[in-house]
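User: Could we go through the ligand site in this model?

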Amino acid sequence: MSEKSVVDNVSKQLFIGGQWRDAEGGKTLDVEDPSTGRVLTKVADASVADGKSALDAAVAAQESWAATPPRDRGEILRKAFELITDRADDLAMLMTLEMGKPLKESKTEIAYASEFFRWFAEEAVRISGRFSMAPNGATRLLTMKQPVGPCLMITPWNFPLAMGTRKIGPAIAAGCTMVIKPASLTPLSMLALGGILTEAGLPDGVLNIVTTSTTGKIMEPLIRDPRLRKLTFTGSTEVGRMLIGQSAEGLLRVSMELGGNAPFLVFADADIDKAVDGAMLAKMRNIGEACTAANRFIIHESVAEEFSTKLATRMGAMKIGRGTDEDIEVGPLVEAKQLDKVAQLVDDAIAKGATALTGGKALDGDGYFYPPTVLTGVSEDATMFREEIFGPVAPIYTFTTDDEGIAMANNTEFGLVAYAFTKEFSRAITVSEKLQTGMVGINQGVVSNPAAPFGGVKSSGFGREGGSEGIEEYLETKYVGLAL
Ligand code: NAP
């Protein structure tokens, strides 16, 4: 399909109770193409009343959905997985247009996103409780798993589809209904998914989609609504903290997938070429706009020069441009604000003594392009040591002893993921144990996998998405005591 048809084919309305409908007063919000800065299309801009209608629909559907046989819930997910796979090329084009990432990256995300549906289609039929005898032998203990109830899901712009399917998949499998609010910068992929899930047979009201430009105003009443039972959020730590406060009133079940500041450790014994391959993935996946992006390259002093030179050569050779061309490797950043932030972080690091081996300055012209950049001699006083860069910038720090490297890696409020490259098995295990993160990648630059529990510790949040752990976030354990 052409770019225009891909966009035209998606409904731009709110999806509530199985119906596509305009926002109150017909209000709309603009969706921009970040490679040109021009308006791509408009989508419905929900009001407080629209938000409430979406929750009404989720609440109304909860009881019958919870009673739907697990196999039926699984079959809907499986069908949706197949539909997404069949339409991967069009969905990838849509994602590239609204978010900017190159088509190849969008295709990778579509495959990753759909895998959550396949995985949770299989998990839907594996929900079980247990039966045991009380220690004194007098009673029997029965536990059963039940859906948590209506959920509110709030997702970011950097992975417009996968951050949604990672929540929707387990919620459908568990028998929960939901209201989902995609990021206002990238609502189209989620609206397309609404159409796909309907086609796959999802009953009315199970999934409701609200797009809005006045996010806080629309979300807060929903979070404070006593009918809501769970809040699941992926986004910045700052917003996450505020939402936890709002959720305290209703004592909601809460999952928080928040920001990161991933260390990428390379030890003296590492295979440097393999480490550079890993660094390319850990840094350049999604143009660096990933919570899992390597944010601090912490390299043993004996291999730092070789690693930096090789990384700079690879990053400096990447092809930059509008993501819709198949051979483009680096697209624009998502918006002007993000471009300014990346430029400021680099300027700050250079002012504090860093040198750019490649890149280091925003590109002139249309769109929000920043070139792949490698910085050496970066001071731990640079702001980018503490903050997420969210762009294609690789700052390199050096260490001497293992303990020093690990201490530097842990010197952050965040704890989502860490990467470590070493050929020594015992070092790999020791380092994994000492790193204060929810996930560790050993000799690999990507850890995301639908079959594994994704999530962080410290200011990176709590809760896990994916794996057999993922469905537990949407289930309550009920205990029944049985006297015979
Ligand atoms: P963000 O500003 O926190 O926005 C995330 C979502 O929260 C968006 O849908 C946004 O809506 C919504 N939001 C903003 N203000 C809100 C409010 N007052 N009440 C309720 N919802 C509100 O984060 P972002 O810039 O989109 O995403 C980047 C961040 O997400 C980074 O920190 C990244 O590390 C993190 N992230 C974490 C993971 C993970 O799994 N740990 C994965 C991906 C991204 P609007 O779009 O309308 O503002």
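Analyst: The notes below concern the ligand and its surroundings. This is a predicted model, in which local features need pLDDT of at least 70, side-chain atom pairs count only at pLDDT 80 or more, and totals for chains, interfaces and linings use all residues. Residues are numbered from 1 along each chain as its sequence is written, and side-chain values use heavy atoms, with hydrogens and water left out.

User: Which residues come nearest to the ligand?
Analyst: Thr155, Thr215, Ser236, Leu258 and Glu388 come nearest, out of 31 residues around the ligand (a heavy atom within 4 Å).

User: What is the class make-up of that shell?
Analyst: The shell holds 16 nonpolar, 11 polar and 4 charged residues; Gly counts as polar, and Asp, Glu, Lys and Arg as charged.

User: How far is the glutamate 388 side chain from a ligand oxygen?
Analyst: An N or O atom of that glutamate 388 side chain is 2.5 Å from a ligand oxygen. For arginine 166, a polar side-chain atom lies 2.8 Å from an oxygen of the ligand.

User: Where does the ligand lie relative to the domains?
Analyst: Domain 1 (3–258 + 460–483) and domain 2 (262–449) both contribute shell residues, so the ligand lies between them; the bounds come from an automatic or database domain assignment.

Notes
A polar contact is a pair of N or O atoms within 3.5 Å; within protein, one must be able to donate a hydrogen and the other to accept it, and residues adjacent in sequence count only if both atoms are side-chain atoms.
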